[in-house]
Amino acid sequence: MSGPEADARVNPGVLEDPEAIAAADPGDMLRQVASSAAQIREAQLATAEAGITRLADGTRPRAIVVVGMGGSAISGDVLAAVAGPGCPVPIVTVRGYRLPGWVGAADLVMAVSCSGGTEETLAVTAEAVRRGCRLLCVGAADSPLAALAAQVRGVFVPVRSVGQPRATLWALAVPLILAVRELGLTEVSDEVFEATASRLEDISNRCRPSSESFLNPGKQLAVDLAGAVPMAWGTSSLAGVAAYRFACQCNENAKYPAVHGELPEADHNQVVAFDGFFAGAGRGADDFFRDRTDDPETRLHLLVLRDTEEHPQVVKRREVSVELARARGVQVTEIMAEGDHPLERIATLIALIDYATVYLAIALGVDPTPVSAIQELKARIA
Ligand SMILES: O=P(O)(O)OC[C@H]1O[C@](O)(CO)[C@@H](O)[C@@H]1O
């Protein structure tokens with residue numbers, strides 16, 4: 001984005017006026033994001049009531065396969081991040097129409113769909129049923145997914161959507177985490193769930209619409225990114241999930257492109273973009289391109305999502321990568337995860353990302369809630 005039209009579209013001033021924020025957010029996406037802590041608490045009750053203990057039949061599944069799309073599928077990535085590298089069974093997320101050939105009766109399939117009606121998720125879940133997999137379904141009550149679960153007497157956890165599936169993340173992810181805990185494959189105490197909910201409440205308070213930009217980390221990040229090309233890197237596989245969430249939330253909330261990556265891998269490819277067209281220095285470009293790359297609004301902005309646990313070599317890579325970026329005119333913002341447990345760390349990164357991308361939408365004059373392009377696409381292939 002460059003030139004006067006772009007300047008006119010970025011309006012950070014709107015973020016200083018709570019009434020203007022409310023008017024720019026008719027779908028109440030900020031309220032949906034603020035419900036995250038309540039979702040964690042409600043999902044614990046809903047999961048207990050659904051009889052999750054039935055999943056633990058004394059045998060450990062060979063693998064856990066989470067099935068879903070978009071804002072629901074990321075619950076599988078969150079589950080893998082929370083279970084961490086110490087998890088004794090693989091956790092994979094399947095996004096698509098087909099169940100991998102190796103998945104069978106020895107595996108636990110967890111189907112996640114906020115609406116309970118997404119075609120890809122239903123196709124893969126039906127295949128899991130045919131193959132005799134153990135099944136956990138999480139989604140809307142009275143939906144096609146609920147019917148599939150009932151058909152095989154699978155465990156079904158009903159979810160009340162807070163509006164958009166992507167904003168219902170914790171209602172969808174917590175049942176998966178509790179199921180894996182029930183199977184003895186990860187340790188997440190009730191105290192950790194409560195500590196995570198408290199941290200999310202604290203972030204919601206700091207990011208509330210009435211809090212001014214200089215105090216509000218969500219607004220600050222939005223203002224920093226508005227107009228730039230954001231590239232988010234996680235400094236661990238857990239933070240890499242948050243980087244992916246950042247890109248998806250930029251796309252769906254702010255209708256904005258974003259690049260995501262993870263260290264150390266990004267140091268083997270994405271780092272080279274610091275030398276290119278969007279880096280700001282315009283090296284090697286002709287005058288036409290140089291004019292554009294001199295415009296701060298067409299520049300790359302590196303967002304480093306820092307985990308509190310980083311491999312020692314990744315610490316070095318992060319520090320040098322940031323130096324390389326700054327030396328080449330790439331702006332850098334670093335965000336730290338909070339807390340000790342992986343659940344707290346990923347939830348705090350995601351909470352800030354969720355607020356920042358909604359505020360980015362508002363600063364750009366875009367309604368954060370609707371996803372019209374997805375709706376049009378679905379209608380045209382129906
Ligand atoms: O959770 P559901 O209802 O399966 O939806 C999955 C994804 O599909 C969408 O509804 C769009 O197709 C997204 O909003 C969502 O992230």
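How many bridges join strand 6 to strand 8, and do the two run parallel or antiparallel? This predicted model gives 6 bridges, with the strands running parallel. The views below start there.

**View 1. Strand 6 pairs with strand 8.** Strand 6 spans residues 229-234. Strand 8 covers residues 300-306. The pair runs parallel, joined by 6 bridges. Look for tryptophan 233: valine 304 of strand 8 stands opposite.

**View 2. Strand 6 also pairs with strand 7.** Strand 7 covers residues 259-262. Its pairing with strand 6 is parallel, over 4 bridges. Here glycine 234 has glutamate 262 of strand 7 as its bridge partner. Helix 11, residues 237-254, belongs in this view too. Together, strand 6, helix 11 and strand 7 form a right-handed β-α-β unit.

**View 3. Strand 6 within its surroundings.** Of the 6 residues in strand 6, 5 are buried, so the rest of the structure largely encloses this strand.

**View 4. The largest nonpolar core.** This core holds 92 residues. Ile64, Met110, Leu136 and Trp170 have the most contacts inside it. Helix 14, residues 342-363, supplies the largest share of this core, with 16 residues. In soluble globular proteins, nonpolar side chains tend to be buried together.

**View 5. Around methionine 110.** Leaving aside residues up to four places away in sequence, methionine 110 touches Ile64, Val65, Val66 and Val67. Its other contacts are Leu79, Leu136, Leu176, Ala179 and Val180.

**View 6. Another core.** Apart from the largest core lies one of 19 residues. Val94, Val109, Cys137 and Phe156 are among them.

Notes. Residues are numbered from 1 along each chain as its sequence is written. This is a predicted model: local features need pLDDT of at least 70, side-chain atom pairs count only at pLDDT 80 or more; totals for chains, interfaces and linings use all residues. Side-chain values use heavy atoms; hydrogens and water are left out. A nonpolar core is a set of buried Ala, Val, Leu, Ile, Met, Phe, Trp, Tyr and Cys residues joined through side-chain atoms within 4.5 Å. Buried means under 20% relative accessible area, exposed over 50%, partly exposed in between (1.4 Å probe, protein chains only). Contact means heavy atoms within 4.5 Å. Two strands pair if DSSP finds at least two bridges between them. A crossover is right-handed if, with the strands pointing away from the viewer, the path from the first strand over the helix to the second runs clockwise.
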